[in-house]
There are 2 protein chains.
Amino acid sequence: MSYPADHDARRGPSRRRFLLGGAAAGWGAAIALGADAIASPAKPADTTGSGPAEPTQDTAGLRGSAVVPFYGAHQAGVSVSPQAHSTYLALDLHEGVDAEALGRLMRLLTSDAERLTQGRGALADMEPELAQNPSRLTITFGFGPGLLERAGAASPAWLAPLPAFGIDALRAEWSDGDLLIEVASDDPVTIAHATRSLLKSARSFATQRWQQHGFRHAYGSRPQGSTMRNLFGQVDGTVNLVPGTEDFADLVWIADGPLAGGTSLVIRRIAMDMETWDDLAREGREESVGRTLETGAPLTGVAEHDEPDFEAVGPLGFPVIAAEAHIRRARSADTSQRFYRRGYNYDETPGPGETSRSGLIFTTYQADPVAQFVPVQQRLDELDLLNQWTTPIGSAVFAIPPGCREGGYIGETLF
Amino acid sequence: MSYPADHDARRGPSRRRFLLGGAAAGWGAAIALGADAIASPAKPADTTGSGPAEPTQDTAGLRGSAVVPFYGAHQAGVSVSPQAHSTYLALDLHEGVDAEALGRLMRLLTSDAERLTQGRGALADMEPELAQNPSRLTITFGFGPGLLERAGAASPAWLAPLPAFGIDALRAEWSDGDLLIEVASDDPVTIAHATRSLLKSARSFATQRWQQHGFRHAYGSRPQGSTMRNLFGQVDGTVNLVPGTEDFADLVWIADGPLAGGTSLVIRRIAMDMETWDDLAREGREESVGRTLETGAPLTGVAEHDEPDFEAVGPLGFPVIAAEAHIRRARSADTSQRFYRRGYNYDETPGPGETSRSGLIFTTYQADPVAQFVPVQQRLDELDLLNQWTTPIGSAVFAIPPGCREGGYIGETLF
């Protein structure tokens, strides 16, 4: 088959590039995640025009010009097929920033986000050339409890730190925050530029509290729709809600109130102890999760998306999927206890004597984290073999407000 | 045109993937860098079989399985078209590591590098699944003066820290080192896994001194062969040697002695002060370099690769390209004072009140850095408008030994 690189090298950098606004034919099927997406390609999403986004691309198939629409009922960065890179910024508001100032801040940031995601420089952009390759850039905003308090807005009961879990070793430097900005793109240069542009716009209003840098496989490395692997080598996210399905719409989007069309984000930084994980043979690794490493199939099945048989017993009468295996403990009989995961790996420079400082930026989206996520996490907190090698070191909950129309701004339903 | 994603989403992750060993048809032209590559596509490189590498790819056009051959007269990571991500590790040898131990270390690391770059786990790999998407992974080794001393090997006169430059503000934490390992791939997951695997193999022999993480545009974001942009927004690397040309072979590869087929690497970490750069209007930015920001064309031309006219004067009689402009100062009348640049951007989490902590991992490859690179750097040190916004904060020089054949190991000509 033909291949973008072959063309580009001959045409050179200065040839004109044409955007095909309607060239999204194959993209509808490419947005969905995991098994369900392959078994039954996602519908063209909900009818609001802001479900799974359909990026445009140019005639040469270059990824740089792929654009995710900004305006819509939902913020586009929630349901778009996860980009290769994602940077999460949490900001703390300066003293004295009130509802009026918040309105100005969010108008400014919305303008920046709309322009940057569509491949144009922000209004005050000094390097607009670095905005020319959005590569499916999305910029998503989330509000912490402190921000809604400043705004004088009613805050949902779930917008608060999660209950303490026994496995937690949370650090303030990776937790909480007033304003979350997620900057996600397939291109790391685009993320560096957009992140700086947004911080420049926000700096009269807020100070950075933390940044987390996540990555998945590069776009095009692996079949689109395949489940990501974390740095333990496990497939991570096999059982997941699928954007564009009814389940996703029911369980992820908030149905009414000022946050209608929005959702909530739980973001937890989970350190993975690669050193002690190394002491565990492959059999032990597979037992701890309940899936094979090679394909991600449950230990009772042969393919990744086979339904696990939790009743199956081995020759000695023990369950094939152990009582304390992660996939057994993570499964709830209550189908309302589901959420959408969209995690990223992190890998920071190891310190002296270390060979890695790695982990997972674990994120879930759901209409109500207390009802949907917390019970599952409590069950895992009580018992989960994986807990031996994983430690949550950061945690935060944000309300993700709905999207907006042209002329509006993110958060306008709240201030 | 068809597009990989469209296929993959429908086929799903479990379909079989076939490697096309000889499917490199279009790749020969795609490896070359910069203008010359487009004007005159690179020859199939030198005749050693180890010039610009020709990755294989699978039938679906997935990038993950693209493999750069490991064995050859040169280490493959020097001339391969720069991957999207590159991590540089510098290690310091433990006390007591002698020539014999160095031989063992390099046999081990060579085995790891060969296996990982070809998409197989290292021998002691616990997560071989993370090695399955090499995405043009190359692993390149360099030796500092301390290593050659331990080996009792003759050290070239140029293998020493560069002379001090007035603009330098070097920090030990980003400078020097005994052993350099560069891990470069289009996929960040691959880099995380390979880096950890190599550090595990090396840790009985050496301790990490520094790590630098660099990135360029994602593969496929922009036309292959186009010049990268740095985080100032400038095209960076327009005038460069082109792998596969005679100039490159003459100026980059060492011709004789135990390092024949090798080269040298100068790696400098250059902080870019985005804050003060922001105070400079576009005209000032263009004057400081001597090129336009939009296209990278010299101020006397219209296209990036137009030859600058250093004699041209404006209406008031002043030169169009200022006397202190970067491109004028960087140009030498002595054509032997050229080298191959293969730089990467870096962007670390900014501190409180900062909006970026960004810069360039500036690298040059040349047969003799003292003869080829130092005179140019001295001229820039004396006068270069860009010096106002850039500060070298790390510097190191390494000998890059030649490649090896199957059964051999990197460094075998030295120990």
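Modeller: A helix is here a DSSP run of H or I with at least four residues and a strand a run of E with at least two, numbered from the N terminus; just after one such helix, α10(A), A:Gly290 takes a positive phi of about 95°. This is a predicted model, in which local features need pLDDT of at least 70 and side-chain atom pairs pLDDT 80 or more, whereas totals for chains, interfaces and linings use all residues. Residues are numbered from 1 along each chain as written, chains are lettered from A and ligands numbered from 1 in written order, and side-chain values use heavy atoms, without hydrogens and water.

Colleague: What makes the phi of A:Arg136 worth a remark?

Modeller: A:Arg136 has a positive phi of about 65° although it is not a glycine. Most residues other than glycine have a negative phi.

Colleague: Where does A:Arg136 lie, and why is A:Arg136 called buried?

Modeller: A:Arg136 is in the loop between α5 (99-117) and β4 (138-143) of chain A. Its relative accessible area is 2%, and buried means under 20% (exposed is over 50%, partly exposed in between, with a 1.4 Å probe and protein chains only), so A:Arg136 is buried.

Colleague: How do you know that B:Ser135 counts as buried, and what is its phi?

Modeller: B:Ser135 has 0% relative accessibility and therefore counts as buried. Its phi is near 50°, again a positive value in a residue other than glycine, and B:Ser135 lies in the loop between α5 (99-117) and β4 (138-143) of chain B.

Colleague: What makes the contact of B:Asp278 with A:Lys200 a salt bridge?

Modeller: The N to O distance between these side chains is 2.9 Å, and a salt bridge needs a side-chain nitrogen of Lys or Arg within 4 Å of a carboxyl oxygen of Asp or Glu, so the pair qualifies. The pair crosses between chains, from B:Asp278 in the loop between α9 (274-277) and α10 (282-289) of chain B to A:Lys200 in helix α7 (residues 188-202) of chain A. B:Asp278 counts as buried because its relative accessibility is 14%. Both residues belong to a network of salt bridges that also links A:Glu127, A:Arg196 and B:Arg285, and the structure holds 40 salt bridges over all chains.

Colleague: Why does the pair of A:Asp278 and B:Arg196 join two chains?

Modeller: A:Asp278 lies in the loop between α9 (274-277) and α10 (282-289) of chain A, while B:Arg196 is in helix α7 (residues 188-202) of chain B, so the pair spans two chains. Their closest N and O atoms are 2.6 Å apart, and both residues are buried.

Colleague: How do you know that B:Asp178 has no salt bridge?

Modeller: The nearest side chain of opposite charge, B:Arg150, is 4.8 Å away from B:Asp178, which is not within 4 Å; Lys and Arg count as positive and Asp and Glu as negative, with His and the chain ends not counted. B:Asp178 is nevertheless buried, and sits in the loop between α6 (145-151) and β5 of chain B. Among the residues that B:Asp178 touches are B:Leu91, B:Phe143 and B:Phe398, contact meaning heavy atoms within 4.5 Å.

Colleague: Why are the buried residues of α10(A) said to line one face of the helix?

Modeller: The residues concerned are A:Arg285, A:Glu286, A:Ser288 and A:Val289. Seen down the helix axis, they fall within an arc of 160° and so line one face, the arc being that of the directions from the axis to the C-beta atoms. What covers them includes α9 and α11 (326-330) of chain A.

Notes. Lists of a residue's contacts leave out its neighbours within four places in sequence.
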